[in-house]
Each structure stands twice: as C-alpha cells, then as structure tokens.
Amino acid sequence: MTTDQVMTIQNLSVEYPTPERTVFAVNDISFEIKRGEILGLIGESGSGKTTAANAILRLLERPGRVAGGQVWLNGETELLSLPEHEFRQLRWSELALVSQGAMNSLNPTMRVRDQIADGIRAHETNPAALTKRALQARIHELLTMVGLPDRVYRVYPHELSGGMKQRVGIAMAVALSPALVIADEPTSALDVITQRVVAQTLLDIRDRLGISVLLIGHDIALMAQLADRIAVMYDGHIVEAGPVTEVLKSPAHPYTRMLMDSMPSLLERKPLVVVDEAAKLEFSHYLKPPLRFVEVAPGHRVAQFD
Amino acid sequence: MGGLTIRYLMRRIGIYLFTVFASATLVFLIARATPGDPVESRWRQIEMDQGQIPEIEAIIARYKTRFGLDDPLSVQYVKYLGNTARFDFGYSFSQFPTPVWRLIRRALPWSLGLSVTTLLISFFVGNTVGAIFAWERTPRFIKSIIPSTLIFTSVPSVLAALFLLYVFAMLLRWFPLAGAYSRDVQPGWNWPFILDVIKYGTLPVLSILIVNVGWTVLGMRAMLVTIAGEDYVRLAEAKGLNPFYTLYRYKVRNALLPQLTGLALSLSGLIAGQVLVETIFAYPGMGLLIFQGIRSQDYPVIQATSYMLILLTATSVLLIDLLYPLIDPRITHDGGQA
Amino acid sequence: MKNRNVLFVMLLLVSLGLLVACTTEPETVVETVIEQVEVTRIVEKEGETVVETVVQEVEVTRVVEVAPPPEPTAAPLPETPPGQYQNALRHETVFFDASVTHGDPANFNPWILDNVRDVGLHQAMIEPLFILNYETGTIDPYLGLSMEPNATFDVWTLKLRDGVKWSDGEAFNADDVVFTVQMFQAAAPDMGADVARWTASAEKIDDLTVQFNLTAPNPRFQLDLWSVKIWGDRNSIVPEHIWKDYLDAPMEFTNYDPDKGWPVFTGPYKVAAFTSNEWVYIRDDNWWGVAAGFDDLPVPKRLIWTHYGTEETRASAAINNELDAMANTTKGAFEAIAARNPNFITWTDGLPYAWQDPCPRYLLINTQHPIWSDPDLRKAVNLAVNREQIVTIAYEGTSYPSKSHFVQYGAMDKYINALEAAGLAASPTADPEAAKALIESKGWALNAKGWYEKDGQVLTLEILTMEEFQEIRRIGDVVAEQLRKVGIDSQTRVLGFFPLLGAMGEDTAQSAIWFLCGGVNEPYVSLNSFHGGEGAVQGGSERWTGPNWEAYRQAVDLLAGFAPGDPASIQPTVDAYRYLIEDMPNIPLTQASQLLPLNTTYWTNWPTVDNPYTYPATWTQNAHLIIHNLQPAK
Amino acid sequence: MTAATSNRLSSTLPSPASGYQDVKLSFKHSPWYNGKLLAGASVLGLLVLGLLVGHSVWDQELAYVGSSPLNLPPVGLEYKGQVGTWAHPLGTENAGRDMLALIIIGAPRSLLIGFTAAIIGLVVGVLLGFSAGYLGGRVDDVVRLATDITMNIPGLLVLIIIQSALPRAGFFTMALLLSLFSWQGATRVFRAQVLSMKQSGYVLMARLSGSSPFDIMFKEIMPNLMPYLVSNLTFGTSYSILTMVGMEVLGLGAQRIPSLGVTLNNAISASAILRGMWWWWALPTAVLIMIFMCLLLIAVGMDEVANPRLRDA
C-alpha cells in the first residue's frame, strides 16, 4: 500500500540513560514527510534535530537509544522494529543521508568513484547494472546530475573543494533513487556562494527525481529558499510546524519568533543562537508531554504555550 | 601523485644525506666519549684470560699505531668520514684482523631475519587483534579474552625469553636451546636448512613478538576508535554496506597508515634491541655484535653497526616520506595539505 | 575489557611460573636395595680377641633421586668407521663449553692472541713444548724433551722429542723452531715480542737440538716463553714449510685452507667444521704419537666446542647431556644440574666444588688518594674485611679465603707457609674493633649518621667493580657492606671493563676489586706486579711510592735472579712481602673459583682433586692431557 | 510508560534551555567513573601506598648484601632444608638480601623514574610535534632533522656510554637519560596527527575565524589528540621502565640502591629459575607485570574517558 506520505514519525523519543536519571534528547515528536516534499527541521544546536535524524537512520550512538515511537516508511514498514539485516537492505536504497561535515564525510583514502560505487554495489540487485561499464556510466551520470565535471570520477576527496565534496555527497545519496534523503546541515561550513550552489543542486535533484528530503539545519534563509514545510524544534520537542511561507510570515509560538529575531544576517557565518535565556524559560514549563497542539491555519500547528 | 617535483626530491635527498652525515658524526664523537683506551683495555682483558703478557706495552703501542689512534681526533674524523662513505669500515679492534664488514655480513642476515619476521607477524596479528578489539560488532566473550593476552606486553623480553627457553627447550625439548641452525644441516637454499633455521628461530622470534605485538594491538585500537568518530564512517554505516567491508575499507585501511610508519621506524630499533634475546639464545645477530662492540670500545664495530642502522632508519624515513602520498592521499609532498 | 579477566590471567601466569619453578625439584623415589657392607667387629676366636672385617649383605632403604631418562645402554655401542668421524656418534664425541663467539671463525693463525685459540685450536691441534704442573711446580715435557740453561741462565738448550710429525706428514724438527724464532724476530711486537726481546739467536745443533743465546740472563726463559703456564703456550712452533711463504706478513695469514689440509699442527685432531659459535674437530688416526710410542690415540673421535648464551642455557644443555665439560658455573646452577643429571661431577666432591684458577682477587687502593694515602687506614680496611664471609656470600662457599696475594696451589705451599710462619698472612676473619680503633687513632670520629668523619670530610671508599664479572661485583658488594659496618661509607660502582680501566686511571679513583694472574709456581711474577716498573701490568693503579716501595723494589729485583721454585728464594720472598704488608697498597681477598661441572655420562677419568693428573680447565692448552685421558663410560 | 513519563518530567525541569549538559553530576556519573581507569589507578595506588608504608615500616638495610640468611624461601615454605620465616616473609636471595626490602625500595624507584622520563619525553615531543606540524616550514625542517638524527643513533650505545661516563647516575639523571629516547616517537606521531587534523573542518573554521595558532593548538587540536596523549604517556612510562630494566638486566646501571632490574639481573646470572628459587625472579617480575598492567588499564580507561564511543567497544 502506497500512501502520500513517504515517512511518518509518531511519538518518537530518544533517551540518554545515565545511572541517575534519563535525559531525553528527542521528546515525543511526530511529523510526516510527503512524497516529493522538502521538509525543513530547524532549531538551535542541541535542540535534538540531528538526534532525531540519527534515530530515524538508526545511527544513534551509545548510550543513546530510542525510548518509544514509530517510524513508518511509505506507510507500510516500521523501521525501528525491523531486524538489523532487513533494515540494512533499506539503507541507501530507500533512505539515504547527506552528511553534516562537508570536509569529513568522504573517506580520504578512497577515490570518489569507489565511494559512490560501493553503495550501489551493496544494494543493486540487477547484475547487469553492476558491470564495470554500467557502473562507470551510472556514476558519470550522477556526477553530471549534480553538476560536477568528469574528472571528479578519478580523484581523491582531498582534491575537491568543500562545495564539490558536498555535491559528491548528494550524488552518492541519490545514486539508488531512495524514497527519502536526510540532509543533515548540508551547507554548514561552506561559504555563502557555495551554499547556494549546493542548495540549488538539492532542489534540482528533488525536482528531477521526485525524492523527498528531510532538510536539517539552522539557517532560516536557506530553509525559506528550499523547504516546502518546516518544523521548529526546541529542547527535544517540535513546537511549531507548517508550510514554510505561513510559518515564517506569521510565527505562532514565541520560541519561533525569538528564533526569527535572532536570525543572523545572510553574510554572517555563525550558528543560530537565541540569547535570551530568561525568555526561553518562560514557556519551558509548558513543554510537558504530551503537548497539545493548536492548528492556527491549515497545516500550521503550534504547541500550546500559555 | 601528490606533486612529486624534482625540486622536492632533491631537497628531500639533501636532508637525507645531511641526516646520515650528522648522525655518523655524532656516533663518532659518542663512541670516543667513554673513558678508557680501547687498545690498552683490550690487552689487559686478554691478560685476564691468559696471564701476564710480556712486552705488552710495545704491543699496545704497535696496535695503537695500526688502528690510527695516535692521530689527532680531527685526522681520525676525516679518515672516518671518507672511509665510511665508501663502506670501508676497517678492521675490528677486538677481533683483529677481521674486517668489520665481514662481521656485519655474518650477523646482519640473522638479525634481519629475526626482526622482519617478528615485525611482519606482529603487524598482521597485532593489527587484526587490535581491529577485533575495537570493532563494535565483536562478540563480548571474544573481547573479554583479548585484553588478557596483552599481559604479555608487560613481560620484559628477557624474562619471556628465559621462560620460553626453560619451558620449551629444557623441559619439553620441543625447540633447540641455542644457536641459529644445527650442525647436521648444510647452509644454503635447501629445505632442511630452512626448516632448521625456522626451528631455531622460533623461540627468539616468539620472545620478541610477545612483547611487541601488544603495542601494535593497542596502537591499532586507539587509531580505530578515533576513526570510528569520523563522518565518513557514519556515512558508510548509513550506506548499509557490509559491516566487514566497512571495517576494512573505511576504518582499518585508514588506521593502518600510522601503524605502517611505526613499522618501518621500529626496524632498526628492533635490531639494536635484540641484545638480550640474542645473548640468551646465543643467536649470532647484530644485537650481540653491537653490544660487544660497545663493551670493548671497538670503534670500528660501533661506527659500522651504527652506520648500518642509521642508513636503515634514514632510508625508511625517506621512503615513507616519498611513498606516503601514495598510500595516504591526504598528505602531499609540498607541506602536508592540498 | 573485564578487569576480573586481567587479574585472573595475571594470577594464572604467576601461578604457571610457580608451577614450573616448583617442578624443578628433582623427583625422588624411596627404594630398597641389598647392599654389601663391610662390617668390622671384634670377635673372640680361640681365646684371642681379633678384629675381623666381613662383608655382609644388608637391606638398605634410601631416598634416591631419579635421573632424567637414562641413556640407552645397548650392549655393544656402535662405532663410527674411520673417515666418517665428522658424523661421529654421541658417545664418541666430547662437547665442550665455548665461552666466546667469534664473528670471523675462519682464522687459525695462532699469533692473533684474541683469536679463537681456546675453542679447540690449542686444546686439540697445537701441541706445546712443555706444560707446567701446578701441583708439583715441575715443567713436564710434551713436544720438547728438555730445556736446560747454563749456569748463568743466558744460554738454553732445547731437546725435541723424536718422531714428532706435522699433520701433513712432514717431520717436526729444529728447523721449525729456528724458523719460528726468526719469524718472531722479524714480526715483533705483533707476535713473539718476548722471544724477540730475549733471544739473540737460535741455532740448530742437530735435528732435535736447538740452542738459544739470550740477550740477558733469564731463569724463566723456558717457563714463560715455551711452556703452558696459564692458558696456553705463548709461542707455539709453526711448520716452516708452510709459513715460510708468509714470512713477510705472518699476521695476515689465516692459516686456513681445507683443500690443502690447513691448518697444519702436530695435534691428534683436525678442523672439520665451524660457525661463529661452534667448532668441530675430528680425530686424525695418523697422529705421530702412536708410531713414536708417545701415547695412544685419544679415544674421542670428535670434539665440539659450542657456545651457549647464558648460564641457564648452558645448564639446560648440560642437563640434556649436550655438554660434557662446562665452563665456570655458579654453585646454584651446578646443584640444579647435579639434581637432574647426577652424572655430573666437579673437582671436589663437596664444597667448594670448584678448582681455583690462578688469578686470586684482591682490593686495590689508590695510595695517592688524599684520604687513602694513609697506610693505617688501609690496614684498618684489611682488619674490617671478613674473607670467610666473602667466600660464604660472594662465592656461596666455592672458594677459599686468600692467605696472601698468591694462588694456593701445591707448588706455592712452601712460600705461603713461610709467610704464615712470619706472621704476614691475612686473617680469614675480621676484627672490626681493631679496625675502628685504628681509624680513631688517626683522629677520625663517628658522626651522627654513623660514618667516620674528620675535618668535615666523611670517610668514604668507592669500590669499582666489573659489570662483566658477576663474581667480582659480588665481592665488591660484600666488602662494601663489611666496611659500612665499621663506619666507612663504602659504595660499589659497577663499570664495564673498558670504562673501568679508564676510571682506575683517574686520580680520584679510590679502590677496585682486582685480580692477579701472577706466579703459579713461584712468587716473583706476582710480587713483580706491584713493582711499579716493567711487568707491573696488572697492578700499578695503586700508584705505590715511598721508602717501603723502594725497598720492596730492590727485594723483588733480587728475587728475579732465582730459578722458579728454587728453595733459596723463600726467605727473600718473605723479606719482600714484609714491605708490602707494611704499606698495604692492596689487600688480598679470596682465591678465584672455577666451578667446572664435568659429565660422566659418556666420558670418565676427568681430572679431580683425587685424580689430579692435570687441572680441569678445558679452555687451556693442558686440555691435551684431559683429552688423552678420557675414557668412555662403561 | 508511566515511569518513563515521570522521568521525563523531572529531566526537563532543571535547565531546559541548555539541555542536559550542565546538570551537576556526582562523581559516580562523571566520565572519570570508568572501571578500567579506576581499577588501574587504584591497584597502582594501593601498590604505591603499600610500598610507601613498607618504606617506613620495613628495615631497608635488609636490602643489602649479607644482611640476612642466604637462600631463604618465603614464609612457610621449605627450600633445601631451610624454612622461611616471618623475619623475611618473601624470602632472601643468594647474597643474603631480603626480597621484601628489595621490592619495597626497587619498585617505586622504577615507577617514578619511568614516569618522570615519560613526562619529559612527552612534553618535549608534543611541543616539537605541534610546532613542526602546525607551523611547518623552517620549524618543521629543523624538528624533523633533529628527530631523524637522534632517532638514528642506537639508543643502547648512548645509554651505555653516558652511563659509564657519569659517576653516579642519580634519580633525575637517569630519568633524563631515558627520556632522551622517548621524545622522538611522540614528536613524529604528533606531527603526523597534527598534519592530517589541520585540514579537518573545525580547524579550518577556527583558522577562517582568525583564532591564534596557540588557541587552535590547545583548544581545537589538543582535545582531539587526548587519546594519543594519554596512551603516549602511559606507554612512555612502560617503555622507559622496560628500557631501564633491560639495561639493568644487561648488568648496566647497577648501584648499591637496589632496583627490580638489578635484582632480576642477579637472579638471571645466578640461574634462579634453574635453582628453583622462584621467589627470586617471580616476585620482581610479578611486581613489574602488575605495574605494567595498571598502566595499561589506565591507558585504556583514559582512552574511554576521552572518547565515550569506546565505552562499550
């Protein structure tokens, strides 16, 4: 059964147990990603965005673990309870990742072509696609798709600039036309010009292949440019979610407003931080799950805060 | 390949030559820094075995002239540099009239055999165990066994050697007590001889290996743990690759590079450090030659053996520097980064 | 990683070690045997009381140590036929302990003094002219029959044995002797420096007689130059027909060419194989001695000198019967060997086990040192030293306290007895109170830390010892502790032999444990070592001077004129020794132990104190006698 | 879910804005609470404590020649007719030295010398390695030359020669001597690490933002090299102790002050194994192994502290 929703996340919680108490990095969040949609997940660093992505990808590092919730792929497969080997089949073919660190996401001792190829080799079932020639053609095609020159095929990662590396990352992620690509801060550590190029590449790919993207980041401008919908995360909770224009134009939750106020200018390169700790505390005690959401506009929901 | 230019090559070789020259000079000076007169002491020592030697003063004077020890230090130094550059090390003081190169030619193959075997085994075994140790998928019960083996790292190799000797050569009589091969075989490239050499070499190799392999294990583990935090390893996991393939191609492959450097650099240290093991097994290697040379202030032997070790180390370093960009694409010849 | 595992395995390892260590005790079995016992009893027979000895059979229960698997004792032992001695069987082979390795073993030139002579070359191949007997002091003939001086000791006539042949069949005769002397005269001081110095000319009288005309009178010409005194004969005769081609540069001649049958000597063995730590010699059945009626062929068909590294390795080889004659061994190791392989014997049946080698140990003191220039302080040290304790601790009882600087062989007895009679001999025990009184009489007083101090200066004595010789290190340790007991702040400092010599040459040096390879059958050589002049090769670091030294010099020079062992030299010896005791520049300590385990599994008739046909050292040239005397076991 | 829910409630309350990071943690929950580290450190601590207590309680004069009966086995055991007594609980060796006194004096000395040597070597190595790797150019050339040249010279040669040239090698001299041979390895390793780390993203970021080299070294690079630093220190200690023991077993460096190596040298040259006097060689060996094991545990534990990923690895 195919649904309109590529991925549905229900009541996902991630906990970090310590002997004394348990810390929840992701706290009972729910959202869904529609087919062909780019969903932006925005928040300060430490708000749990990346942890959520890791939970979905089952890449949580110990001692972190999923405390509860479900992740449905295409409305038919529950990812979190899937046996390891079955989940491994779904990795990359259905669920790919564009990694956060632009500089470090490629293995320095492998040529670009081999790093693209090994993902294909691990999941491609059609033997005809695995011949040397077919692979070569496919990789060239992928590189062209993300706007990289042919020579990239042969080189080692250190011979590429940051933007080129990130485009290799995108090419790698879409190699098997997955249902969903999780792009974890794909443009951090890149300069503004390169950011635009990478962002544009993501858009192109989405348009061309119809792949859904979960875009994680703290750059509101970039979100505005790319995302169809956004969800705002704060302290492990999603406090507001809705169509990007709607949320940005009329933010309903006070935290979202603070976030937008503290947005750095386009040319400044610094992480998104809300400095007003006192203001943050003011609504913190409303963040007791289960949160109650109010729909302020069609598709625009906000957590109750007073 | 990483921008290997003629200019870089020339510069690197220049550094190499300077290193060798400076080290050789230091060795020359250090050898002469000890109190005592090698010729006089040597003959006094002979007297200890053989009773008083008549006319010993004349003999000592004659030998000093023969060995050029009457010359001023500067003259000796210049001669030494010239001769060493031509690999002419002269005669051994303590085993006159044997040319030093003959001593080295006899000892070096045994030492190299011992060290290279040890290093290779320790490299493969150590890195494999280290990788198993660090891999998150290794079953717990295996992991709980591995650290126990590291105890052996803590045993001084002398004691390891004595223990092995005692258990395997004396009590069990599985291996011979001493020497490099038995008197029943004909040295050469024939199977009986080769098997014999392996049999005689087993205990010496083991006693060095026991101590050596633990360090490799720990080094590998530390490297792998660092690498496991890299983004590309996380990405490899996300790709759903075969875990073995990820371990090998993404982690071990990158962790091996520093290990490889260590391997090449430890060779000469290992050769020089085998004195004790060679003494215990009466193995005719370089360690013993060096030690006896130092003991008897045999300048030509000290200089020649040191020079060989210097060449070995310096050449390893040179080769690593030249070849490193081939194995680690991150490093380039022009100063470290692309 | 589980800590419990670590601890567990650690315990395991240690207990494994303990287990192995504990299993080293020999197995013992209680057995009951019928033994024949001689019983002496007093009986009354026919009214008379008679002492009668009868043999009775008694049942005896005893605890027997079980030896490692006994060697097969198949009735007739197989024999290796001539020509194949290279592969001689175990019971036809003698294994000796080689103390050295050599990086270039393919050199059989006997003149290179640090060459591989004592790994078989001079025990099996080079036969000496004469051998000194340590017990009687006589010089026994070997290749030479006699060597007689004239009345003034400046002309010596050598008679050679008839029928001696080189191993290639050429006759050994006066020509070879004359050639050898001439070669020495040309090549000195590289070789034969003493021959060149003392011999004006050597003339062939006939084929078997050589007359030596000396440059100066020398009563020790035969002993020092042509006999095995200590270690080997210094001036071996070489075959003229081979060496004449190398007269120009005899040092460069390696004397090795298997195709030509080189090296050529007169001995009953030939080189068969060698590596840098093993030398193999096989018997030459055409040895001259049989035809000349000198002696039978020695029984061993093959002699092997092998170098095993450490004592543990040597001992292991011995226990496994891979060694027949061992070099010096510690008492503990010997006891461990004997416990596992009861066939091992030593020079004496019980303690001290060891034969004493000719180099007694003594404490040498720098007489020019600001503190120790006072003879009374040196005498205090002498009083503080307990020689018996040194023997007990440093030697574990395998040596004897020295009575004098001399080695305590039979040939030296008369001299040592005379010293004892004159009250000059050293005491075996210490007298700490007398030592303290002597120190205090010189104005030293004990400080708070218990050390003697004078004018703010503490009485220290640093004893230099040799890193290579465990034995000397141990002596130093014991002496230092003994001196500390009387209030002298004494420490040992361990140095390698070469740096040690350098350090002893420095003015700040205080003392060292040293050794004196001096006279074996006469005191002159030993006393001459402290003479300060020529021949003072081993002493000298005492820097002894002063009126007593002057007197001593003259007395020793007088001794030089006596023939070795001449009874008339006893009184002059006592006279000279008195000056030495007066100033005490050095203090005799102990004899030097050589504990040499010998294996009777395959070979018997080794020299022992009850069968002293020679001394048991197998690295010295007198080993010819041992090899000729060995008999197969059973 | 109720239990979990109540947990959540309390967890988010104290300091929601900055997540769970600055919650005051008791020692038990600090990263330093690491089994291996604690085990290693506490056993080592106990060992050192025991040795220190021994220092004040046990008569140290017993560590010298002739102070005790010869060849006495540990208490309660029998060896060649002698029964061990409480006067010498660990037995004596063949020159009448008391084993307990030997260990009490020898072990802390070995440990301290090794540690001092390792610290000196590490500090020099890190400084030079950082400078060479980070600054490059001339500095790099000079450091590399110095490293290569000194690394080329056989260490044993220098040790033996310096040792025989110095009258009495005291504690610090000995440590300094040993450190002569431990800094080169550290320098090389750190240089290589700094070189490859220099390009990683966060260092580049820091450079772009104009941080000073010093800041980058100690704030950006150093923390990431913690595992190397710690393993280097503990291994350096082990290595220095091993070198020293090796030298002493060869017969070098023997002084009146006993050390484990000298005791082992005596045991080996008197064939202690063969004699069956296991306490003579096994006790110093066991103490050495214990020291090395503790250092190893500390090293591994520290790795885990510095790198939480390791904890379950």
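Below are some exercises with worked solutions on a predicted model.

**Exercise 1. Get to know chain B**

Task: Work out which secondary structure chain B has, and what box its C-alpha atoms fill.

Solution:
- Start by counting elements: chain B comes to 13 helices and zero strands.
- Next, read the order from the N terminus, which runs α-α-α-α-α-α-α-α-α-α-α-α-α.
- Finally, take the principal axes as your frame. Along them, the C-alpha atoms of chain B fill a box of roughly 85 × 60 × 40 Å.

**Exercise 2. Place one valine**

Task: Find the helix that holds B:Val197, then list what this residue touches once residues up to four places away in sequence are set aside.

Solution:
- Go to residues 191–228 of chain B: that's helix α8, and B:Val197 is in it.
- Now look for touching residues, leaving out those up to four places away in sequence. You should get B:Trp110, B:Ala180 and B:Tyr181.
- As a further check, pick B:Tyr63. B:Val197 and B:Tyr63 sit 134 residues apart in sequence, and their C-alpha atoms are 38 Å apart in space.

**Exercise 3. Take apart the interface of chains B and C**

Task: Describe the contact between chain B and chain C, going from residue counts to buried area to single residue pairs.

Solution:
- Count the residues on each side: 63 from chain B are in contact with 69 from chain C.
- Then turn to area. The size of an interface is often given as the accessible area lost when the parts come together. For chains B and C the buried area is about 5700 Å², with 61% of it coming from carbon and sulfur atoms.
- Ask who loses the most on the chain B side. B:Met48, B:Gln52 and B:Arg183 do, and together they make up 14% of what that side buries.
- Look for charged pairs next: the rule finds five salt bridges across this interface. B:Arg295 forms a salt bridge with C:Glu468, and their closest N and O atoms are 3.6 Å apart. That fits under the 4 Å cut-off for a salt bridge.
- Add the polar contacts, which come to seven residue pairs between chain B and chain C, both residues at pLDDT 80 or more.
- Trace the elements behind the chain B side. Several helices each supply at least two residues, among them α3 (56–66), α5 (100–134) and α12 (286–295). The largest share comes from α2(B), with 11 residues.
- Sort that side by class, and you get 33 nonpolar, 16 polar and 14 charged residues.

**Exercise 4. Do it again for chains B and A**

Task: Describe the contact between chain B and chain A by residue counts, buried area and paired residues.

Solution:
- Chain B gives 25 residues to the contact and chain A gives 27.
- The buried area is about 2300 Å², and carbon and sulfur atoms account for 56% of it.
- The rule finds two salt bridges here. B:Lys239 forms a salt bridge with A:Asp118, with the closest N and O atoms 3.0 Å apart.
- There are also 11 residue pairs in polar contact, again with both residues at pLDDT 80 or more.
- On the chain B side, α9 (231–238) and α10 (243–272) each supply at least two residues, and α10(B) gives the most, with seven.
- By class, this side of chain B has 11 nonpolar, four polar and 10 charged residues.

**Exercise 5. Find a nonpolar patch on chain D**

Task: Name the residues of the nonpolar surface patch on chain D and the helix that gives the most to it.

Solution:
- The members are D:Phe115, D:Ile119, D:Val123, D:Leu127 and D:Phe218, with about 410 Å² of accessible area together.
- Helix α3 (residues 99–135) gives the most, with four residues. D:Leu127 is found in this helix.

**Exercise 6. Spot the unusual backbone**

Task: Locate two cis peptide bonds in chain C and a positive phi in chain A.

Solution:
- Keep the usual case in mind: most residues other than glycine have a negative phi, and most peptide bonds are trans.
- The bond from C:Ala188 to C:Pro189 is cis, with omega near 0°. C:Pro189 lies in the loop between α3 (174–187) and α4 (193–198).
- The bond from C:Trp262 to C:Pro263 is cis too. You'll find C:Pro263 in the loop between α6 (240–243) and β11 (269–275).
- In chain A, A:Asn74 has a positive phi of about 55° although it isn't a glycine. Its place is the loop between β4 (65–73) and β5 (77–78).

Note on methods: Residues numbered from 1 in each chain as written. Chains lettered and ligands numbered in written order. Predicted model: local features only at pLDDT ≥ 70, side-chain atom pairs only at ≥ 80, totals over all residues. Heavy atoms only, no water. Contact = heavy atoms within 4.5 Å. Buried area = accessible area lost by both parts, 1.4 Å probe. Salt bridge = Lys/Arg side-chain N within 4 Å of Asp/Glu carboxyl O. Polar contact = N/O pair within 3.5 Å; in protein donor to acceptor, adjacent residues only side chain to side chain. Nonpolar A, V, L, I, M, F, W, Y, C, P; charged D, E, K, R; others polar. Patch = residues over 30% accessible without salt bridge, like charges linked within 9 Å, V, L, I, M, F, W, Y side chains within 5 Å. Areas by Shrake-Rupley, 256 points an atom, 1.4 Å probe, with all protein chains shown as cover.
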